[in-house]
Amino acid sequence: MRRPRHLVAVVALLATARTAEAQEPAAWRDGPVFHTFSIAAIDPRTGEVGVAVTTRVPCVGNGVPWVRKGVGAVATQASTRTEYGTELLDAIARGEAPDAALKRLLAADSGAQQRQIGVIALDGRSAQHTGTGPNAWAGHRAGKNHVTQGNILVGPQVIEAVAKHFEASEGTPMHLADRLITALNAGFELGGDKRHGLRTSAAVVVADPRPGMSRRTDGQTVNINICEHEQPLAELRRVYDAVSQTLGYRTLQQFSGGDVFQLKVMLNALGLYRPEETLSPRMPDANLFTADVVAAVDRFRTTEGMGTPRIGGSPAGLVDPETVQRLWAALAKAGKDTAVRQQLLDITMIRR
């Protein structure tokens, strides 16, 4: 039985509404409210624009930060009206000054006194607004190439620290996102949002207009949204360092141990590693995961159809549980698994 077209449309509409609702945190049901502190900034050297923000409400990155390459950045918070992001950036793109655009929009907003907004254009012009509604401490300040703002903070020292650390990084060899995270963390360490026991989030968004710097048409190079975390700034830093592969984000070492020698024995039996030699655990490099072992592992994985190392592919020399299983299966197929297990028996014996 076919449903009438109008009924199908109604069902589809209801399904869409339920999906949209499910994508919002439960705390947003009455509208997004982000009592928070943030910094919106530019880097005249690179043309980057960005916002970093943190609060004791989930998913702050979904509502507060707005950036547009070649135009500027906006933070809209407190009783958050997200439309300010697009409207202010549109106005600046048309040539309107940030202060004139913000005044015009606030005049038409019946909830203006519940808002807190910071906006900065790529040319350094800025404007801010803190209504009478956001709870103390609430306020804002502007500095060279940045605006900082916050409400329900432990005190003005929070945004003062954010501003101080951002200004101190001016001219240093740091990307804008790196500078924003560092500055925001300075305010967080002083107490930040004075509420406790609530879920905490943080975000940083940056757009870069330089050709080849972003794979996206909107120029975004960084968009990290820590929706909920006990230490959101530390997690924001960890993710940024991991994604940018900044030295120190992981421990670097050459693997060494008895398991490496076991791997060598298995590869040797399959003719992939020093097939002409009889291996001994007393060899000088017996337990070292050396380049020739990596090459042998890669040959095995290629033979097994497990992929070859490449950009975006499996790491060179990857030996995961599946690889180990495949090695034993290959040895069994060659009728060598029992002999290899016997050879490894003494090596794997626990002695206490």
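Residues count as buried when their relative accessible area is under 20%, as exposed when it is over 50%, and as partly exposed in between. With that scale in hand, the predicted model can be read from its overall make-up down to its individual residues. The chain holds 10 helices and 11 strands. Of its 352 residues, 43% count as buried. Among the contacts with a separation of 6 or more, 57% are between residues 24 or more positions apart.

A good place to start is the cysteine chemistry. A search of the whole structure returns 1 disulfide, which joins Cys59 to Cys227 with an S to S distance of 2.0 Å. The pair brings together distant parts of the chain, 168 residues apart. Cys59 sits in the loop between strand E3 (48–55) and strand E4 (65–68), while Cys227 lies in the loop between strand E11 (220–226) and helix H6 (232–243). A disulfide is a covalent bond between the sulfur atoms of two cysteines. The link of Cys59 and Cys227 is right-handed, with 120° about the S-S bond. The two partners fall into separate accessibility classes: Cys59 is buried because its relative accessible area of 10% is under the 20% limit, whereas Cys227, at 27%, is partly exposed.

The strands that precede these two loops, E3 and E11, both pair with strand E10. E3 and E10 run antiparallel and are joined by 7 bridges; one of the residue pairs here is Val49 with its bridge partner Ala207 in E10. E10 and E11 also pair in the antiparallel sense, over 6 bridges, and Val206 has Val222 of E11 as its bridge partner. E10 itself (residues 201–207) is mostly covered, with 7 of its 7 residues buried. In a regular strand the side chains alternate between the two faces of the sheet. For E10, both faces are covered: Ser201, Ala203, Val205 and Ala207 are buried on one side, and Ala202, Val204 and Val206 are buried on the other.

Some of these strand residues return in the description of the pockets. The second largest pocket has a volume of about 180 Å³. Its lining includes Val206, Thr221 and Val222, and Val206 and Val222 are also the bridge partners noted above for E10 and E11. The other lining residues are Glu48, His175, Leu176, Ala177, Asp208, Arg210, Met213 and Tyr240. Helix H5 (176–189) and E11 each supply at least two residues of this lining. By class, the lining of the second largest pocket comprises 6 nonpolar, 2 polar and 3 charged residues.

The largest pocket has a volume of about 510 Å³. It is lined by 20 residues, of which Phe255, Leu263, Phe289, Gly317 and Val319 are the closest to its centre. Helices H7 (258–269) and H9 (321–333) each contribute at least two residues to the lining of the largest pocket, and the largest share, 5 residues, comes from H7. The lining of the largest pocket divides into 14 nonpolar, 5 polar and 1 charged residue.

Technical notes
Residues are numbered from 1 along each chain as its sequence is written. This is a predicted model: local features need pLDDT of at least 70, side-chain atom pairs count only at pLDDT 80 or more; totals for chains, interfaces and linings use all residues. Side-chain values use heavy atoms; hydrogens and water are left out. A disulfide is a pair of cysteine sulfur atoms within 2.5 Å. Helices (H or I, at least four residues) and strands (E, at least two) are DSSP runs, numbered from the N terminus. Buried means under 20% relative accessible area, exposed over 50%, partly exposed in between (1.4 Å probe, protein chains only). On a 1 Å grid over the protein atoms alone, a cavity is a set of points where a 1.4 Å probe fits but cannot get out, and a pocket is an open set with protein on both sides within 12 Å along at least five of seven lines; lining residues have an atom within 4 Å of a point. Grid points are joined across faces, edges and corners, and a volume is the space filled by probe spheres set on the points. Ala, Val, Leu, Ile, Met, Phe, Trp, Tyr, Cys and Pro count as nonpolar, Asp, Glu, Lys and Arg as charged, and the others, Gly among them, as polar. Two strands pair if DSSP finds at least two bridges between them. Contact means heavy atoms within 4.5 Å.
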